[in-house]
Amino acid sequence: MEAQELQEKSSFDHESLKEPRDPKNSKGGWITFPFLAVAILGLGLAAGGAMSNMVVYLVTEYNVPSVDAAQISTIISGSISLAPVLGAVVADAFFGSYPVVAVAMVMSVLSLVMFTLTASLRVLRPAACQAGAGPCEQASAGQMAALYAGVFLLCLSSAGARFNQATMGANQFDGAADRDVFFNWYFIFLYASSVLGATLIVYIQDTVSWALGFGISCAASVVGLAALLLGARYYRQPPAQGSPFTGIARVVVAAVRKRKVSMVASEELKYYNGPSRCDTDSKTAGHGVQAPGDSFSFLNRAALITDGDLDAADCSVVRPWRICTVEQVEDLKTVVRILPLWSAAIVLSISIGVQINFTVLQALVMDRAVGRFNVPAGSMIVASLLSVIIFLGLLDRILLPLWKRLTGHTPTPLQLVGVGHALTVLSMAASAIVERRRTATVRAHGEEGNPMWVSPLSAMWLILPFAVSGAGEALHFPAQVTLYYQEFPPSLKNTATGMMAMIVALGFYLSTALVNIVQRSTTWLPDNMNASKLENLYWLLTVLVAVNFGYYLTCAKLYRYQNIGK
């Protein structure tokens, strides 16, 4: 979901792809693409094979109660979503993309080796639960430690590769058109591998064996690593440039450290604009030196020149955690201005996180037959993935041109995000209605006390809420990344995808907290899905998302674009 705005750049000038390469730099270019494509597919298939069926694996093989399994899966998903932010910072600040991606691919292989071992060795799992034979045997601390070791390695793999694969690929090209085409193919392979992991691998895990499913994912990861290493001699490997997050942290620290400095005599204050525009002996006004804006004036202290901050000879910074440039201060202000809009997306991620995992639990107690084929419960997420892909295509080719024809202008990012919010409200309501129909069949057959009873209601009804949710996601996630990329200053452009990753991670973590609160304060979520009142949770989410939609509309109305049209 992070970086999906680049998916929208589907139109490009094919002639621009023929632009001459820089003779000074013989590396890079499209010769690197086959190696990167296989690496992307391998990593995506490995991650999809490990995570798509995690709830079912915990319930059936580790005897974890269903709601607890959903909670564990949600926490893992949140960690996998947050980890790439840290990986991107490490790559930017210290090592560059290629070394970090290579190490991450090794971590992916080791992770799938651990998962395969847990599925292959009986000693690493508790005894199978027998119906009517009393309480199920719980997994030991050692058995859970082996499983979590695989999860930890998977998080490390995601940290190093998810963002950095895209950055590494973009570094191979000089022209913007080439990069746009690469990004389009990046997302095609990313989603294709996710769909394969959630269908083919999940089907093998459910119908053949967990060991074979994890083993195939491990083999895919090995092939991806081999492809990445074989292409090493062709890659451009730009050196690390340093992370913009360091500059943001410096502004906050410097402003706090100068909190007692008087800002009253503003006409006599001198601000630091870098060595090339530094004049410590003259006032700011009248010398072409930029002063910070009046908004969030407390932060202006970070750029205020005080005794001992600079070297008098060349204006170089002596105390970097006490003085920053005006540009760095204004960059942080840009982030602060957009935070209210960013925060409105967290509730969306909470609702989506709950919906994903509880839909799997619903599917386990519904009729999943389609003809002679039994759809794996873990594959239900494919409906959302396909909905995102299809709706992005419709948006680019039909809906956006139609909107422009009717209104005379293209929709703004804020408008697209707003429509995405509205669709998410509808999606949560649809989930509640489907769950009401399922529980009605349970009551009609008098099976509330039987956790193993499967409703005759088709699980295909679960596709409807997922389809609406996917359509909303195709609107609000890419549009948010577009907004951040458009509004952020050049030094923070790469932070846009990180903002979305933080939203997804916070959403997963907070959805776990929400479910815990519901479990402690209500009787809605017992371990027996046939005795649950999951419908109430979905209605609660519908109300929360609707209220959050009102909060978003307020923030959007108050927001003023900084770089519209640029």
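**Exercise 1. A residue of helix 3**

Leaving aside its neighbours within four places in sequence, which residues is Leu-82 in contact with? Work from the predicted model, and add the residue's setting and exposure.

Solution.
- Step 1, location: Leu-82 belongs to helix 3, residues 66-95.
- Step 2, contacts: with neighbours within four places set aside, Leu-82 is in contact with Met-502, Ala-505 and Tyr-509.
- Step 3, a backbone distance: the C-alpha atoms of Leu-82 and Ser-158 are separated by 9.0 Å, although the two residues are 76 apart along the chain.
- Step 4, exposure: the relative accessibility of Leu-82 is 26%, so this residue counts as partly exposed.

**Exercise 2. The chain as a whole**

Describe the secondary structure, burial, surface and contacts of the protein chain.

Solution.
- Step 1, secondary structure: the chain has 14 helices and four strands.
- Step 2, burial: of its 566 residues, 52% are buried.
- Step 3, surface: the accessible surface is about 24,700 Å², and carbon and sulfur atoms account for 65% of that area.
- Step 4, contacts: take the contacts between residues at least 6 apart in sequence; 80% of them join residues at least 24 apart.

**Exercise 3. Helix 2 and its salt bridge**

Is helix 2 mostly covered or uncovered? Follow one of its residues to a salt-bridge partner.

Solution.
- Step 1, cover: helix 2 spans residues 54-61, and six of these eight residues are buried, so the helix is mostly covered.
- Step 2, the buried residues: they are Met-54, Val-55, Val-56, Tyr-57, Leu-58 and Glu-61.
- Step 3, the partner: the side chain of Glu-61 forms a salt bridge with that of Arg-125, at 3.1 Å from N to O. Arg-125 sits in the loop between helix 4 (97-120) and helix 5 (141-170), while Glu-61 is in helix 2, so that the pair links distant parts of the chain, 64 residues apart.
- Step 4, burial of the pair: Glu-61 has 18% relative accessibility and counts as buried. Arg-125 is buried too, with a relative accessible area of 10%.
- Step 5, the residue after the helix: just beyond helix 2, Asn-63 has a positive phi of about 55°.

**Exercise 4. Other salt bridges**

How many salt bridges does the count come to? Examine two that do not involve helix 2.

Solution.
- Step 1, the count: it comes to five salt bridges.
- Step 2, Arg-236 and Asp-174: the closest N and O atoms of this salt bridge are 3.0 Å apart. Arg-236 is in the loop between helix 7 and helix 8 (244-257), and Asp-174 is in the loop between helix 5 and helix 6 (176-207), so the bridge ties together parts 62 residues apart in sequence.
- Step 3, exposure of this pair: Arg-236 is buried at a relative accessible area of 10%, whereas Asp-174, at 39%, counts as partly exposed.
- Step 4, Arg-438 and Glu-435: their side chains meet in a salt bridge of 2.8 Å, N to O. Both residues are in helix 11 (residues 413-444) and are three residues apart, so about one helical turn separates them.
- Step 5, exposure of this pair: Arg-438 and Glu-435 are both buried.

**Exercise 5. Strand 4**

Which residues of strand 4 form its covered face, and which its uncovered one? Identify a strand that pairs with strand 4.

Solution.
- Step 1, the pattern to look for: in a regular strand, side chains alternate between the two faces of the sheet.
- Step 2, the faces: in strand 4 (residues 455-458), Ser-455 and Leu-457 lie on the covered face, and Pro-456 and Ser-458 on the uncovered one.
- Step 3, the pairing: strand 1 (residues 366-367) runs parallel to strand 4 and is joined to it by two bridges.
- Step 4, a residue pair: Asp-367 stands opposite Ser-458.

**Exercise 6. Covered and uncovered positions**

Is Ser-217 buried or exposed? Set it beside Leu-394 and two cysteines.

Solution.
- Step 1, Ser-217: this residue of helix 7 (residues 210-230) has a relative accessible area of 0% and is buried.
- Step 2, its contacts: not counting residues up to four places away in sequence, Ser-217 touches Leu-45, Ala-46, Gly-49, Leu-112 and Ile-201.
- Step 3, Leu-394: this residue lies in helix 10 (residues 382-407) and is partly exposed, at 35%. It helps make a nonpolar surface patch of about 490 Å² together with Leu-386, Ile-389, Ile-390, Ile-398 and Leu-399.
- Step 4, the cysteines: Cys-324 is buried at 1% relative accessible area, and Cys-555 counts as buried at 11%. The structure holds zero disulfides.

Technical notes: Residues are numbered from 1 along each chain as its sequence is written. This is a predicted model: local features need pLDDT of at least 70, side-chain atom pairs count only at pLDDT 80 or more; totals for chains, interfaces and linings use all residues. Side-chain values use heavy atoms; hydrogens and water are left out. Buried means under 20% relative accessible area, exposed over 50%, partly exposed in between (1.4 Å probe, protein chains only). Contact means heavy atoms within 4.5 Å. Patches are made of residues with over 30% relative accessible area and no salt bridge: like charges are joined within 9 Å, nonpolar side chains (Val, Leu, Ile, Met, Phe, Trp, Tyr) within 5 Å. Accessible areas come from the Shrake-Rupley method with a 1.4 Å probe; for residues, only the protein chains shown count as cover. A salt bridge is a side-chain nitrogen of Lys or Arg within 4 Å of a carboxyl oxygen of Asp or Glu. A disulfide is a pair of cysteine sulfur atoms within 2.5 Å. Two strands pair if DSSP finds at least two bridges between them.
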